[in-house]
Structure formats: structure tokens, C-alpha cells
Amino acid sequence: MGIYVALLGVTMLFAWFWRCAECQLAQEIEGDFRVNAKQHQIHLLKRNFWIAMTFFPLYIFNAGMYYVGNDYVNYVKEFDKISNGGLSQMDIAYVWLNKLVIHLGLSFQFVLVFLCLAAYILFFICIHKYSENYPISFLLYFIIGYFFLLNLNQIRQWMALMLVMLAYQYIEKKRVISYMVLIAFATMFHFTAIIMVLFYFVLSARYKLSVYIVLMLILAPFNLFYNQLLRFLFATFRPSYIGSAYMDKTLQVDMFMIVAMFSVLMMILFYYDTIVVSRIQTIFMNAFFVALLLTIFCGWIPEVTRFTYYFYLPMIFLVPNTLLKEKRQSQRFIWLVAIVGLHILRLLRSAGGWGLVPYDHIWLH
């Protein structure tokens, strides 16, 4: 796992330089500093340099992975099936990407090259747009496990998730058409993104605590009928899954994840008045509450974790942005250590089954 720790360290270091350069440019604009064009151009070049330095280690590491993660071999098999004229059951945009690579006479590795390029560009746009502390956002992305679960495994949903994250801004701006276009595109990479259509109308409101308590009381009994609900949902929405290994799964609760999420919940409750003054922060907070409800009370939903991704990822923006409003550095440190520490415990417990080691790169072959 040392190589992943090193990658995170390099990413956070370069992201810090990126953020510093960004702040310098912002101060020029806000303060109306009288800098000459040449000096301003130098500052822009510095900012762009640190963006590139943050981007390329992640991109090269990800796009060049070779039989890393549990899903790599399945994607290779799917690529071979498509290249031989077989019918793929994967989502249409991902199939189109495979066909493009095949048409260009390239190997499967270029599916990763193209997909990672698009997904990382979207991710960096979201980091720039939503985060006020880039290094901490990258840290949180790693320690909640999404870099390992998505970037190195579930690459189709990673792409869908990045499109959904970009769409969050349109909830704040009340641009429903732009939002729905991005969600439709995300659904073409992974069908689970369709759930976000409904939440355009849900995430932007301010709710009383009693609303969440009522939802908990409504959702809790559903877990008692797990098997019946599972059969109904598969028969209705995914008939191809009937008789698959998914039908044999039992109801499970990830207590380590729930405890980690409660650390974020405590922070939200402590800084609630600070959060709700910002519309986008309120949206991220509501998304977190949806993720919490799904994790604790909706184990009966097939592959519920995949739906949770869309609502929990905004945590990587919500946490650093909220803690920056805390003037006491010691208090910020305590909150961050608690949140990071509990998520690391969950990560260490789960990551062993994700096929992450040994890491191998295409350049070594």
C-alpha cells in the first residue's frame, strides 16, 4: 500500500501549491492589484503548472494500471467481446467508448486512457469549483475509499459520479435543464445515476430535524422484508440479475462506515448555522443526510452502496469548507483527525478485498 500513500502525499503537496497559486490570483482580482501583464501571466503559468503537477501523477497512475483491481479483468473480457461483435450488457456510453477504441485499432488500455482523462478533468473542475481546501478534499477522497473503489475498480460509475458532481452546481443555480442533461449523460455510463433525477427537487431545501426522524421511522421496517423486496426490485428493474449471485446476498450493515459517517454528522450539527448560510453547502449537507439514511436504513436496496456514492462524495467539499469557518486551528485539527481517523479504520478493514495489491503499470510490460 506504500505506493498509494506516496501518491496521496504527492497529490496533496501539489494541490497545496495549486491552491496557494489560486489564492494569489484571487487576491489580485479582489484587491485590484496594479500588476503588469507580464507579472500576471507569470502567476497564471504558476497556477497552471501546479494544476498539471497535481493532475498527471494521478492520471498516469490510473490510466496506466495493469490488472489492478477486481474489475480490470472483467473490463478486458467485455472489450474482447465487443471487438468480436458480441452484444454487451454494459451501459451505452461505455460501450461506445470501447467501440471507438476498437475502431482506432487500439488495445483495451486506451479505454482507460480516454476515460481517465475525461473523468479526471471533471474531478479537477469540481475540486476547483466547490472546494476551499484542495489538499484536504483530495485526502478525504482517498480515505473514504472512492479512489480505490471507483478509480481502480468501478470505472464506469466513477465517470457517472464525476458528471453528477458537476451537475450539483445546477441545483444551486436552479438550472434544471442543464442538470438533467448531465444526469442523462451520467446514466449512459452507469444506470444508477438515474436516481439523481428526483433529487434535483429534494436537495436544495432546508429541512427540520423532525423530517429526517420521520424518514427513519418509515424506512427502518423495510429491512425486515429484505428478501422479498430484493426479488421484486430485480424482477422490475433488472431481470437479468435474477438467479445471479446478487440474489444470494444477505442484509449487511457496515458499522465501520456508519461510525465514520457519524463523525461527519457531529461536525454538521456543531456547525449547522455556518453551513446553512451557503446554498451549495446546504445542498451538500442534505446529500450527506440522504447518504446516511441509505447506509443505515436502506440495506434492502440492491447494491445500495452504489447509490450512496452520489450523495456521500460531496462530503469532500462540505467538510473542509465548513472547518475553514472555524477560527480556532486546534478545533479544526481535532475535527479533521476524528473524521479522517475513523474513515481510515473503515478503509483498512475493507480495502483488502478490492484487489489493490500488488500495483502494476502497463509501462512495466
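The legends below describe close-up views of a predicted model.

**Figure 1. Tyrosine 4 and phenylalanine 61 form one of the 45 aromatic pairs in the structure.** A pair of aromatic rings is described by the distance of the centres and the angle of the planes. For tyrosine 4 and phenylalanine 61, the ring centres are 5.6 Å apart and the planes stand at 70°, so the pair is edge-to-face. The pair links distant parts of the chain, with tyrosine 4 in helix 1 (residues 2-30) and phenylalanine 61 in helix 2 (residues 37-63), 57 residues apart. Tyrosine 4 has a relative accessible area of 3% and is therefore buried. Phenylalanine 61 is buried as well, because its relative accessibility is 7% and the limit for a buried residue is under 20%.

**Figure 2. Tyrosine 4 also pairs with phenylalanine 148.** The centres of these two rings lie 5.3 Å apart; because their planes are at 80°, the pair is edge-to-face. Tyrosine 4 belongs to helix 1, whereas phenylalanine 148 belongs to helix 7 (residues 146-151), so the pair ties together parts that are 144 residues apart in sequence. Phenylalanine 148 counts as buried, with a relative accessibility of 3%.

**Figure 3. Arginine 19 places its charged end over the ring of tyrosine 134.** The distance from this charged end to the centre of the ring is 5.0 Å.

**Figure 4. The largest nonpolar core of the model comprises 125 residues.** In soluble globular proteins, nonpolar side chains tend to be buried together. The members of this core that touch the most other members are Tyr120, Phe147, Trp158, Tyr168, Met196, Phe311 and Tyr312. Helix 8 (residues 155-172) gives the most to the core, contributing 14 residues.

**Figure 5. Tryptophan 158 is shown with residues that it contacts.** Which residues are in contact with tryptophan 158, leaving aside its neighbours within four places in sequence? They are Asn62, Leu115, Cys116, Ala119, Tyr120, Tyr141, Leu150 and Asn151. Of these, Tyr120 is listed together with Trp158 among the core members that touch the most others.

**Figure 6. A salt bridge joins arginine 47 to glutamate 22.** The structure contains seven salt bridges. In the bridge between arginine 47 and glutamate 22, the closest N and O atoms are 2.9 Å apart. Arginine 47 is part of helix 2 and glutamate 22 part of helix 1, so this pair ties together parts that are 25 residues apart in sequence. Arginine 47 and glutamate 22 are both buried.

**Figure 7. Lysine 81 and glutamate 78 form a salt bridge within helix 3 (residues 72-83).** The N to O distance in this bridge is 3.7 Å. The two residues are three residues apart, about one turn of the helix. Are lysine 81 and glutamate 78 buried or partly exposed? Lysine 81 counts as partly exposed, with a relative accessibility of 35%. Glutamate 78, in contrast, counts as buried at 10%.

**Figure 8. The side chains of arginine 328 and glutamate 326 meet in a salt bridge.** Their N to O distance is 2.9 Å. Arginine 328 has a relative accessible area of 47% and is partly exposed, whereas glutamate 326 is buried, with a relative accessibility of 7%. Elsewhere, Asp254, Arg346 and Arg349 are joined into one network by salt bridges that share partners.

Conventions. Residues are numbered from 1 along each chain as its sequence is written. Side-chain values use heavy atoms; hydrogens and water are left out. Rings of Phe, Tyr and Trp (its six-membered ring) pair if their centres lie within 6.5 Å; planes under 30 degrees apart count as stacked, over 60 as edge-to-face and the rest as tilted. Helices (H or I, at least four residues) and strands (E, at least two) are DSSP runs, numbered from the N terminus. Buried means under 20% relative accessible area, exposed over 50%, partly exposed in between (1.4 Å probe, protein chains only). A charge sits over a ring if NZ of Lys or CZ of Arg is within 6 Å of the ring centre and within 35 degrees of the ring normal. A nonpolar core is a set of buried Ala, Val, Leu, Ile, Met, Phe, Trp, Tyr and Cys residues joined through side-chain atoms within 4.5 Å. Contact means heavy atoms within 4.5 Å. A salt bridge is a side-chain nitrogen of Lys or Arg within 4 Å of a carboxyl oxygen of Asp or Glu.
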